[in-house]
Amino acid sequence: MTDVIHQLARIVQTVALAEQPIDQVNLVVESISTGMAVDVCSLYLANSRGEMLLLASHGLAAGAVRSVRIPPGKGLVGLVATSRHPVNLADAESHPAFYYIAETEEERFHGFCGVPLVHTGKVIGVLVVQGRESRQFSEEEQGFLVTLAAHLALLLANSPLARDEINQGNGRISGISGAPGIGIGLSRLCDHGELYAVANAPCEDVAEALRDWHDLLAAVRHEIEQEQQAITADLSDSVAGIFSAYTMLLADPVFLGHVEKGIIEGNWLPGAIRQAIQHFAELFRAMDDPYLQARHEDIHHIGNKLYNSWRGKRAPAVHTDGRVVLVGAQISVSEIAAVPTGMLEAIVCFEGSSLSHTAVLANALGVPAVMGTGVIRSLSNDCLLIVDGNSGQVMLNPGESLLAEYRKLEDDQRFLVKQLEQIRELPAVTTDGAEVTLYTNTGLLADISPGLLNGAQGVGLYRTEIPFMIRSSFPSEEEQVEVYRQVLKAYQGKPVHMRTLDIGGDKQLPYFPVENEENPALGWRGIRFTLDNSQLLMTQVRAMIRATEGLDNLRILLPMVSSTGELDDFRNLLDDAIAQLQSEGMSVKRPALGVMIEVPAAISQIPFWADKIDFISIGSNDLSQYLLALDRNNPRVAARYDHVHPAVLLEIRRILQTTAEHGIPVSLCGEMASDPVAVVLLIGLGLRTLSMSATKIPRIKWLIRSIPLSTAQQLSSDALKCGYPADIRSRVESALHMAGLQELFNRSAAGGRAGQRGGPN
Ligand code: PEP
Ligand code: MG
């Protein structure tokens, strides 16, 4: 044990070679036993009841592994967990806490050293080494184990094994809220072929493979059309747009070229498809922005669809008299389309986020969904499931009382849906007459129609990054005009706030990565990047102005502005663009110009900008991140992030006061706009324009129409005097409950907090 760092590095390297999480933990215990020359190394993992599962062991009886569960607080392992302190003993058996488990056959071992694995302040497991000899482990050995346990805790906390184990305890499975609502039905497992499991293989006949590829594309396009009809005919027009992202990828010359190149270079068709799909999916997966990151799942979906069609497999039609809950690693639109109308109660995905297309689709269809549960091992077809899409929980084979509780919640939910339908065409106005404008956020063409159908009064934020990301080079002016015009036209007569390219930091372009930055969040991003690449900005601004010709509903929004010089530079560029287009014969109206308030430094500069801008939009995601110095996408600190934080609320009040003094219209387009608690506080503080994802609009409108402004004002003034975000949140929540708005948080007494932390959309 002389070279601890060397040992650690060796173990970390070995573990990195394993692909499956279970192989990783097996390698960990083996490498530790070899490295420390001990007879036993075991890893215990805690579940939601505090039991410790023997997850992996080198040295204890093989039959005990993944079968022994130590009750909470029991034995030496329990002592390590409850004390959060190493226990190092020469003779384990003589310790009063010793707890003998016959299956492990550990009576042969005397020396014992156990250390806790702690993640975000909680004990998630225990690492133990044991030796035949009666001897205490040295200080150096103990220190090594403590260091290793800190590394292991990170590995385990982010591993599906941990979620699997936590989810095995009591039939209550935790995931992420994908779409709100409660569904009760019988499970139907969706098990489709996995493209990512396909290996490369030589292509026997290139010409034939290319022909097969084109036939396959035609067949899958036709399949998508049929599924689209099957869904939209019966359910909702709003879903139609969602299919366009699939169709877009299947028509994208860069993607098609990638597959063809793979075939020509000698890979067989499924291998070439996998390579192309993985390439594009990885581009998106690497992005930190959760909205853009979630797009990798869409690409994976379409890849699986191509692969299953190539294998001649289609989603089997579901014949059932009962209500169905679709469960699988990912659920494709084909699987949803295969369920008879009205029979789909809910969706449960082992993978995915609240922003994946399955979640978007579920939202559009009004079907509750829970995402990212990890594999549910104990599940088979026809198990009774309660799916609570509000709290992101799934209850497996629930008892009578729980079922009764959820049936009652289901009734409440139906009441809410009815309320929402009735107010679709009505304005968002408080019971005492304060009117709030509700806009939608969009980024994909596929997002356009849900906004309109949910009553959006315009687009508060159009993220232009996506047309740039799905190409292999910067899109031309013509290409951009075409994309922007579709959005502007769809919202004719209503304002569309189009943001200039906001890349860098968490959003990267595959063909122009901004690399080697020590601190990308503070680096070359947003307006800083585009002003330095003014040729790109000029093309984009020209395209935006051309796209609005005859429609005149364009409003240009600038991201990440932090200084007056940046604003001046952009205004000069805008003047140039207008002059150029006029000299080319276009009659151009100067579009309204606004800035996002995302950088704290922008707040104090609003007075300097009053004569230079027409409006302001608060980007509460970045503003909260920079004010709190917290990256909510970093799992180590995400739990500390809450935008209902006194520091954020006080700064928003400052923004509202300053903009009111200078007569600048202000809106908010971050995640706060769809969090009911935050909305009450924002309205109370004086904000009157909110922009959110389309599916959130009806609930927020119902909330606004159900409360008096005076209550919101009282709650926000109380909140500004409170030091704890959790207290602020719970005070507003209880006020909303007292006002009879519990359906906004609809969850069982035993359920968790509604998933109000989606992505930026
Ligand atoms: C924000 O920061 O709140 C925002 C809406 O922008 P982004 O696209 O960075 O989420
Ligand atoms: Mg932002």
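Let's start in the middle of things, with the largest nonpolar core, which has 154 residues. The residues with the most contacts inside this core are Trp-213, Phe-255, Tyr-484, Ile-545, Phe-570 and Leu-690. Please keep in mind throughout that we are looking at a predicted model. As background, nonpolar side chains in soluble globular proteins tend to be buried together.

Let me pick out one residue of that group, Tyr-484. What is Tyr-484 in contact with, leaving aside its neighbours within four places in sequence? The list runs Tyr-462, Thr-464, Phe-468, Met-498, Gln-540, Ala-543, Met-544 and Ala-547. There is also a second core, separate from the big one, with 28 residues, and Leu-55, Phe-137, Leu-145 and Ala-153 are among them.

Now let's step back to the whole protein. Its 761 residues include 56% that are buried. The fold is made with 27 helices and 23 strands. If you take the contacts between residues at least 6 apart in sequence, 68% of them join residues at least 24 apart.

On to the sheets. A quick reminder: strands of a sheet pair through backbone hydrogen bonds, and they do so either parallel or antiparallel.

One open sheet here has six strands, in the order β3-β2-β1-β6-β5-β4, with antiparallel pairing. At its edges are β3, residues 69-70, and β4, residues 87-89, and each of these pairs on one side only. Follow β4 to its partner, strand β5 at residues 111-119, and you will find three bridges in the antiparallel sense. Across that pairing, Leu-89 stands opposite Phe-112 in β5. Then look for helix α4, residues 139-157, which lies across β1 (40-46), β2 (52-58), β4, β5 and β6 (122-131). This helix runs at about 40° to β5.

Another open sheet has eight strands, and its pairing is mixed. Reading across, the order is β7-β14-β13-β9-β10-β11-β12-β8. Why is one side of β7 and of β8 left without a neighbour in the sheet? Both strands, β7 at 172-174 and β8 at 176-179, stand at the edges with a single partner strand each, so one side stays free of a neighbour. From one strand to the next, the twist averages 30°.

At the β7 edge, three bridges join β7 to strand β14, residues 393-396, and the two run antiparallel. Here Ile-173 stands opposite Val-394 in β14. This sheet has a helix packed on it as well: α14, residues 400-422, touches β7, β9 (182-189), β11 (344-349), β13 (384-388) and β14. The direction of α14 makes about 115° with that of β9.

Next, the metal. Which residues are the protein donors of the magnesium ion, ligand 2? They are Glu-598, through OE, and Asp-622, through OD, lying 2.0 to 2.1 Å from the ion. The two donors come from distant parts of the chain, 24 residues apart. Glu-598 is in the loop between β20 (592-597) and α21 (600-609), while Asp-622 belongs to helix α22, residues 620-628. Both Glu-598 and Asp-622 are buried.

A few single residues deserve a visit too. Is Arg-274 buried or exposed? With 11% relative accessibility, Arg-274 counts as buried, because the cut-off for that is under 20%. You will find Arg-274 in helix α9, residues 269-285. Not counting residues up to four places away in sequence, Arg-274 touches Leu-195, Tyr-196, Val-198, Ala-199 and Asn-200.

And the cysteines? Cys-41 is buried at 0% relative accessibility, and Cys-383 is buried at 10%. A disulfide is a covalent bond between the sulfur atoms of two cysteines. Searching the whole structure turns up zero disulfides.

I'll finish with a bit of backbone. Most residues other than glycine have a negative phi. Arg-84, however, has a positive phi near 50°. Arg-84 sits in the loop between α3 (75-83) and β4, and is exposed, with a relative accessible area of 51%. Asn-516 also has a positive phi, of about 55°, although it is not a glycine. Its place is the loop between β18 (496-499) and α18 (527-532), and Asn-516 is exposed, at 80% relative accessible area.

Methods:
Residues numbered from 1 in each chain as written. Chains lettered and ligands numbered in written order. Predicted model: local features only at pLDDT ≥ 70, side-chain atom pairs only at ≥ 80, totals over all residues. Heavy atoms only, no water. Donors = N, O, S within 2.8 Å, 3.2 Å for Na, K, Ca; no water. Helix = DSSP H or I, 4+ residues; strand = E, 2+ residues; numbered from the N terminus. Buried < 20%, exposed > 50% of the residue type's maximum accessible area, 1.4 Å probe, protein only. Pairing = 2+ DSSP bridges. Contact = heavy atoms within 4.5 Å. Axes fitted to C-alpha atoms, helices over the stretch in contact; angles between N-to-C directions. Core = buried A, V, L, I, M, F, W, Y, C linked by side-chain atoms within 4.5 Å. Disulfide = S-S within 2.5 Å.
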